[in-house]
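Visitor: Let's walk through this one together. Where do we begin?

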Amino acid sequence: MATDATDLFTEMFRGQAQQVTGLFGQLVPAEGTPEAETAVQWAEIASRMHSIWTEFQVEQLGKAKGTPHYADPMKWIATAEAVVRQLPFSDPQIQQRLWGEAVDLVNGVLGQYGLGRGGLKQDNGEAQPELPRSDRRFADPEWRRQPFFAVLHQLYLLFADEVTRMAGAVEGLEPAKKAQLMFAARAVVDALSPANFPLTNPVALEAASRTKGESLVRGFENMLDDMRKGQLTHTRPGAFVLGENIAVTPGKVVFETPLYQLIQYTPTTDKVLKTPLLIFPPWINRFYILDLNAKKSFVRWAVGQGVTVFMVSWKSADAGMAGVVWDDYIAAQVEAIDHVRERLGVPSVHTIGYCVAGTTLAATLAVLARKGEADKVASATFFTAQVDFEEAGDLKNFVDDQQIETLGKLSPEGYLDGRYLAATFNILRGNDLIWSYVEKNYLKGEEYPAFDLLHWNGDVTNLPAGWHRDYLRDLYRDNRLVVADSMQACGVPIDLHRIATPVYIQAGSEDHIAPPQSVWKLTHYLAGPWTFLLAGSGHIAGVVNPPSSNKYQYWVNDARPDTLGAFIEGAHEHPGSWWPHWAEWLRELDSAEIPARGKRRPGGRGDKVIEDAPGRYVATR
């Protein structure tokens, strides 16, 4: 048996050795042979990479600060590994079972290459083996061409399944710690994939061989560029310019404060709804997620529906905003509402709050209700916004006393660098937003795509550290917003049960940041009429889904069910975009129209404005 096993692994590694030899050439080639030319070429590649690395090190020596936590993936992995040590790998029974499963798996895979007893050699190696485990990361035929890589990724998938299973079976942990353990287990197994390392990724090896090493040089340069800026790159630098090919809907900045600019967009219809719309985007991202381009822009589409649209553009935090807290954002929403009302001479405005700005809008509505000023807001629409954080999704794995304390260490100047939050969101979808780009852009040296959504995703904003710490502690950890009068803002207690404003709630069926079951809970705290809509896709694509794309679907239920499950059970599915459904809802509230003239057209005669949209603040880093 020992001899048989040795023969099997000898054959397997012989194939691997042949591939590596083909990549790097002979170690001592005869002069004048093709192998000698290959060796010289690879020596040049190695020399270039050494020079690039040396230049990078010299650059870093001149910088006072070391690599920040959010830019060092090894620190993220080490943090996760510390949690995964709780798994019972030392249990002899588990070790014996795992060994048996691994041996059976190896024998079964190698048998398909004619290397095991009873194995059938494939005809000229052309037929693809039927492997027991599958994953889209290993879909390329290169993962099956050599038995070494076939066994390697199959053993990895076995290991990944086992780690996930063991994390789910751990007992004696409180629910929050159990969720953190399972999240950390997934993060570790994702990071350890053989697809993430050059010598264990046959696709990367093939690219290096085909390009004669140029892919390695490009990938190395891509990696060092990201290390310089402390952020993973997802799209081609310089491909998008604000106001030129992104955030291009015409408009004017009509008001500004140290915290935000207020943009009013130019109408494209002769008549507009009398009641204008004021949009509050999240300040953890740039507002132009709702104005990516002419085809995807919610702003442009709403303007085309005869709506006067205003947009708040939040300023990225700096040291001068160290004292900004949640009260300031609530007060800013009230101020923006009042400014739009005064500018257009209308009694009320429609509002939209997206994500964290939607959470804040709920607090704003409660404050206005407490002060007897609720009639300033004609309606409130919530895009993927939570108020009850009991089931707030994977982000809760980053919210405990230790991690909240860490925020203070990351914010010595009073603001949290936006790259930290970007890294956090990337980890939530590690395979999609981290490791796939490591493989494509580092290991294979591929060119970055020009993708507007990925550009927006990487256009980070800094956050006031005090606000962010309080938000995580008071809302995510302690869930105080839904406790009547537990929190205060603008000098009055907050009680969501006082909100009688008509409300439209949109949730994404696949949202991992604001899960639909969490968004649904807003319905439990409203005193007035509400409409709930479940959109296909997630936190971004579920919102940014124009009718022209003919993508996804949405579900509505005219009854008032008590639970999301009951809503889904009785819901009617409709294909395509939900935007027209929302526009119809808005017009049913008040369909009165007026001519689009005077200050309805910003920057006209006698109308003093500050600058053209998209304004300065969106470009502030």
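Visitor: Is C355 buried or exposed?
Guide: First, this is a predicted model, where local features need pLDDT of at least 70, side-chain atom pairs count only at pLDDT 80 or more, and totals for chains, interfaces and linings use all residues. Residues are numbered from 1 along each chain as its sequence is written, and side-chain values use heavy atoms, with hydrogens and water left out. Buried means under 20% relative accessible area, exposed over 50%, partly exposed in between (1.4 Å probe, protein chains only). C355 has a relative accessible area of 14%, so C355 is buried.

Visitor: How does C490 count?
Guide: The relative accessibility of C490 is 25%. Values between the cut-offs of 20% and 50% are called partly exposed. So C490 counts as partly exposed.

Visitor: How many disulfides does the structure hold?
Guide: A disulfide is a pair of cysteine sulfur atoms within 2.5 Å. By that definition, the number in the structure is 0.

Visitor: Which strands stand at the edges of the open sheet?
Guide: Strands are DSSP runs (E, at least two residues), numbered from the N terminus. Two of them pair if DSSP finds at least two bridges between them. The sheet has 11 strands with mixed pairing, in the order β15-β14-β13-β12-β7-β6-β4-β5-β2-β1-β17. Each edge strand has a single partner, so one side lacks a neighbour in the sheet: these are β15 (572-575) and β17 (611-612).

Visitor: Which residue of β15 is the bridge partner of W555?
Guide: Strands β14 (residues 553-556) and β15 run antiparallel, joined by 4 bridges. In β15, W555 has as its bridge partner E573.
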